[in-house]
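Please open the model in your viewer and keep the sequence panel beside it. The tour below moves from one selection to the next and says what is found at each stop.

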Amino acid sequence: MKGTDVKAIRTITRDGIDGLEMRDLADPTPGDREVVIRIKAASINYRDLLLVNGHYPGCFEGEMTPLTDGAGEVVAVGAAVSRITVGDRVSVNNITRWVAGPLTPTVMVNQPGIFSDGMLASMIAVEEDGVVILPGSLSFEEAAALPCAGVTAWSALTDGGRPLRAGQTVLLLGTGGVSLLGLQFAKAMGLRVIATTSSHDKANRLKAFGADHVVNYKDTPDWQEAVRALTDGKGVERVLEVGGPGTIERSIASLAYGGHVSLIGFVGGMEGALNPLSLLTSGVSLQPVGIGSRTQFEELLQLIDANGVRPAIDRVFAFNEFKDAFAHVASGSHFGKVVIAVD
Ligand SMILES: NC(=O)c1ccc[n+]([C@@H]2O[C@H](COP(=O)([O-])OP(=O)(O)OC[C@H]3O[C@@H](n4cnc5c(N)ncnc54)[C@H](OP(=O)(O)O)[C@@H]3O)[C@@H](O)[C@H]2O)c1
């Protein structure tokens with residue numbers, strides 16, 4: 001591998017999108033256990049906005065390359081690399097050293113795009129442990145949509161609580177990246193989906209996307225009652241809780257006895273509280289989701305490949321339109337993932 005300078009988008013200042021600039025970097029050289037990937041596509045998550053705005057707690061504070069999610073082709077491997085070869089089409093698990101089993105605090109710091117340089121560059125070096133090989137059915141743009149929101153949705157559907165069986169019902173909140181990908185995976189698993197959203201237009205799009213029932217949470221503030229009515233009073237088996245303090249009590253009230261809350265995010269704001277009595281009286285279990293391991297990412301790729309799932313992409317921006325791409329995510333108008341074609 002010889003040659004051209006690497007183009008990377010760098011956070012020069014942390015005062016928003018205007019603090020991002022394209023720069024030339026030297027070609028990366030792989031360490032013994034690293035691979036070099038020519039990045040073809042990257043995608044933006046909510047937390048990337050926090051990082052470029054200077055609001056991500058504990059992240060690397062100096063100039064860096066943002067974005068945790070990307071996909072591309074391997075162009076060089078280190079001397080001790082054994083699973084991956086030059087030419088492989090790959091993506092990278094967000095927590096690169098979390099291979100399998102439960103999450104431990106020691107691996108949390110191995111997150112390119114948060115604690116070290118991330119994916120918004122034409123070439124990067126990453127640890128082999130985090131690399132997953134892509135099925136031929138996925139384009140680079142589709143694969144780049146998966147590492148954060150997709151793996152999170154998959155973990156939330158499959159980890160913790162009683163395993164879901166085909167025909168059972170899952171509740172998804174809003175139309176963010178986690179919830180929309182969760183809808184696609186839930187349908188591939190044979191689950192019934194009830195989704196909430198804020199507008200009639202998005203409700204129609206959710207139905208076209210496969211949601212069995214949609215509840216508008218603006219028109220129906222006590223949406224948990226509508227969810228129970230849609231399940232003949234029984235409640236759903238699982239909720240992917242992206243709302244946070246403002247929605248958690250309603251999510252618990254939507255569950256069947258013994259159901260499960262996968263605790264993911266806080267798009268509904270920080271106001272609100274959880275009364276432990278709600279858990280005691282409903283018999284529900286609750287487990288936080290921390291994205292997922294490489295093994296969970298690999299399981300997800302199998303599901304996607306076997307079922308022909310095409311991850312929901314709102315829009316693909318060109319590399320030099322990176323500021324527009326960030327602004328589009330910041331506007332909140334997207335329905336599906338926002339991707340940047342890097343190469
Ligand atoms: N724990 C983890 O491992 C993990 C991983 C990834 C993300 N997260 C977190 O999960 C959350 C979702 O991430 P994302 O990438 O899907 O976010 P996103 O794409 O930014 O989600 C935005 C959507 O949230 C919906 N929303 C806003 N307020 C809502 C409310 N009160 N009730 C229901 N929906 C509401 C809106 O959809 P509608 O207009 O359709 O309502 C909006 O379009 C974020 O807080 C993120 O930080 C956590």
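**Stop one: helix H3**

Begin by selecting the buried residues of H3, which are Leu146, Pro147, Cys148, Ala149, Gly150, Val151, Thr152, Ala153, Trp154, Ser155, Ala156 and Leu157. Bear in mind, here and at every later stop, that this is a predicted model. Helix H3 spans residues 146–158, and because 12 of its 13 residues are buried, it is largely enclosed by the rest of the structure. If you then step past the end of the helix, you come to Gly160, which follows H3 and has a positive phi, near 75 degrees.

**Stop two: Ala121**

Next select Ala121, which you will find in the loop between strand S5 (89–92) and strand S6 (123–127). Is Ala121 buried or exposed? Its relative accessibility is 2%, and since buried means under 20%, Ala121 counts as buried. To see what surrounds Ala121, leave aside residues up to four places away in sequence and show the ones it touches, namely Val6, Lys7, Ala8, Ile39, Thr65, Phe319 and Val342. You can also add Lys40, which is 81 residues from Ala121 along the chain, while the C-alpha atoms of the two are separated by 9.1 Å.

**Stop three: the aromatic pair**

The count of aromatic pairs comes to one. Select Phe209 and Phe335 to see this pair, which is edge-to-face, with 5.8 Å from centre to centre and 90 degrees between the planes. The pair links distant parts of the chain, 126 residues apart: Phe209 is in the loop between helix H5 (200–208) and strand S10 (213–216), and Phe335 is in the loop between helix H10 (322–331) and strand S15 (337–341). Phe209 counts as partly exposed, at 31% relative accessibility, whereas Phe335 is buried, with a relative accessible area of 7%.

Keep Phe335 in view and add Arg205, which lies over the face of Phe335 at 4.3 Å from the ring centre. For another arrangement of this kind, select Arg89 and Phe140, where Arg89 lies over the face of the Phe140 ring, at 4.5 Å from its centre.

**Stop four: a surface patch**

Finally, turn to the surface and select Tyr46, Phe266 and Met270, which together make a nonpolar patch of about 360 Å². Where along the chain is Met270 placed? Met270 belongs to the loop between strand S12 (255–263) and helix H8 (276–282), and with a relative accessible area of 57%, Met270 is exposed.

Note on methods: Residues are numbered from 1 along each chain as its sequence is written. This is a predicted model: local features need pLDDT of at least 70, side-chain atom pairs count only at pLDDT 80 or more; totals for chains, interfaces and linings use all residues. Side-chain values use heavy atoms; hydrogens and water are left out. Patches are made of residues with over 30% relative accessible area and no salt bridge: like charges are joined within 9 Å, nonpolar side chains (Val, Leu, Ile, Met, Phe, Trp, Tyr) within 5 Å. Accessible areas come from the Shrake-Rupley method with a 1.4 Å probe; for residues, only the protein chains shown count as cover. A salt bridge is a side-chain nitrogen of Lys or Arg within 4 Å of a carboxyl oxygen of Asp or Glu. Helices (H or I, at least four residues) and strands (E, at least two) are DSSP runs, numbered from the N terminus. Buried means under 20% relative accessible area, exposed over 50%, partly exposed in between (1.4 Å probe, protein chains only). Rings of Phe, Tyr and Trp (its six-membered ring) pair if their centres lie within 6.5 Å; planes under 30 degrees apart count as stacked, over 60 as edge-to-face and the rest as tilted. A charge sits over a ring if NZ of Lys or CZ of Arg is within 6 Å of the ring centre and within 35 degrees of the ring normal. Contact means heavy atoms within 4.5 Å.
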